[in-house]
Amino acid sequence: MAKLTTLHEFIMDKQADFPYASGELSRLLSDIAIASKVVSNDVRRAGLMNDILGKQGNTNVQGEEQQKLDVIADKAFISVFKTGGEVCGIASEENDEFMPFESEFSQAGKYVVLFDPLDGSSNIDVNVSIGTIFSIYRRISPKGTPATKEDMLQEGDKQIAAGYVLYGSSTMLVYTTGKGVNGFTLDPYIGEFCLSHSNMKMPETGRTYAMNEGNISICDPGIKEYIETYCQQTQPGQPRPYSGRYIGSLVADFHRNLIKGGIYIYPSTTVDPEGRLRLLYECNPLAYIAEQAGGLATTGHERVMGIKPTELHERVPFFIGSKTMVEQAMNCLKK
Ligand code: AHM
Ligand code: MG
């Protein structure tokens, strides 16, 4: 068997791509890998442990019921960020406010991390794939001071790195630092992420669409037109219509589409006019990966990464996936 490249080796090799790199980003990515191994272990044992599975008993700032694993994952990531020295503050989907770290050690860090500790919360209790999504920015505020809200509210285009960890049939970490996308599978025998998907490219088109179609009657008619015309009718030269696949964990639906081609849509609805997904914790990081892999991510009207955020928990309608499919959906919305 050929020698596997571990995530750590890969990160160290790639540091040379950034001539003035001080190693902080490399250390931060390694810290994320450590926290995700902890969370992966908890996810794998959840069905056996009453203190891990089930509802936490409170709601988060978005009015959603928190699961115990949401909180466990949130704490695991915050703990590595607080002790690593590279991060001066974080914002997380599970916390109402952003969190500037208090220690001098952390305030010397040059990065902020925004993350969704456990995406796909409604799937936790039913043993369906879930994930962590993260986004890294260079701080705007001066080093040695507490992180500020402005550090958190940066356009997606300013991301330094982004990625996700999928707790699926295997645990995978996929990330980009702006030089392509690479995926690593956690080898449970040696406890290391190993390079399994190098230089990932999203097919220009695909045959899978993912949307909560229960919402179709409360969406813009353009969405219905796109689904009926492009997804549910056999296209010339094709044997049958597209396949509908909706896991209900964005990170898992996105990962499948990244590999096989496809589109994921969470549009504006009359119930959720801004859609359901959070710009900072879900849309921007996946948009960065999609674009780096040759795909597209828009609100149906504009590029997600060009939006200047105004609020931490801001939501946006989200169309992400293979370039041709996202463009076709946007054309239907224009009509
Ligand atoms: P979460 O971060 O609380 O889990 O919410 C995000 C999730 C996505 O992973 C998923 O695609 C979507 O919300 C599902 O929403 P719905 O149940 O409305 O289809
Ligand atoms: Mg989420």
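Okay, before anything else, a definition: the radius of gyration here is taken over C-alpha atoms, and the globule rule is 2.2 Å times the number of residues to the power 0.38. Keep that in mind, and remember that what you're looking at is a predicted model.

So, does the rule help us? What radius would a compact globule with 335 residues have? It would be near 20 Å, and the protein has 19 Å, which agrees. If you prefer a box, the C-alpha atoms fill one of roughly 60 × 50 × 45 Å along the principal axes.

What's inside that box? We've got 9 helices and 17 strands. Of the 335 residues, 56% count as buried. And if you take the contacts with a separation of 6 or more, 64% of them come from residues 24 or more positions apart.

Now the outside. The protein exposes about 14500 Å², with carbon and sulfur atoms supplying 51% of that. As for charges, there are 32 positive and 41 negative ones, and their mean positions sit 5 Å apart.

Let's go to the metal. Which residues are the protein donors of the magnesium ion, ligand 2? They're Asp116 and Asp119, each through OD, and Glu282 through OE, lying 1.8 to 2.2 Å from the ion. Along the chain, the donors follow the spacing D-x2-D-x162-E. The pair Asp116 and Glu282 links distant parts of the chain: Asp116 is in strand β5, residues 111-119, while Glu282 is in helix α8, residues 279-292, and the two are 166 residues apart. Both Asp116 and Glu282 are buried.

Next, have a look at helix α7, residues 250-260. Here 9 of the 11 residues are buried, so the helix is largely enclosed by the rest of the structure. Who's in that buried set? Leu250, Val251, Ala252, Asp253, Phe254, His255, Arg256, Asn257 and Leu258. So the list includes Asp253 and Arg256 alongside Leu250 and Phe254. Right after α7 comes Gly261, and its phi is positive, near 90°.

One last stop: Ser243, which is found in strand β12, residues 243-244. Is Ser243 buried or exposed? Its relative accessible area is 16%, and buried means under 20%, so Ser243 counts as buried. Leaving out residues up to four places away in sequence, Ser243 touches Arg207, Thr208 and Tyr209.

If you want one place to start when you open the model, go to the magnesium ion and find Asp116, Asp119 and Glu282. Then move on to α7 and its buried residues. That's me done, thanks!

Terms used. Residues are numbered from 1 along each chain as its sequence is written. Chains are lettered from A and ligands numbered from 1 in the order in which they are written. This is a predicted model: local features need pLDDT of at least 70, side-chain atom pairs count only at pLDDT 80 or more; totals for chains, interfaces and linings use all residues. Side-chain values use heavy atoms; hydrogens and water are left out. Helices (H or I, at least four residues) and strands (E, at least two) are DSSP runs, numbered from the N terminus. Buried means under 20% relative accessible area, exposed over 50%, partly exposed in between (1.4 Å probe, protein chains only). Contact means heavy atoms within 4.5 Å. Accessible areas come from the Shrake-Rupley method with a 1.4 Å probe; for residues, only the protein chains shown count as cover. Lys and Arg count as positive and Asp and Glu as negative; His and the chain ends are not counted. The place of a charge is taken as NZ of Lys, CZ of Arg, CG of Asp or CD of Glu. Donors are N, O and S atoms within 2.8 Å of the metal (3.2 Å for Na, K and Ca); water is not among the atoms, so sites may look incomplete.
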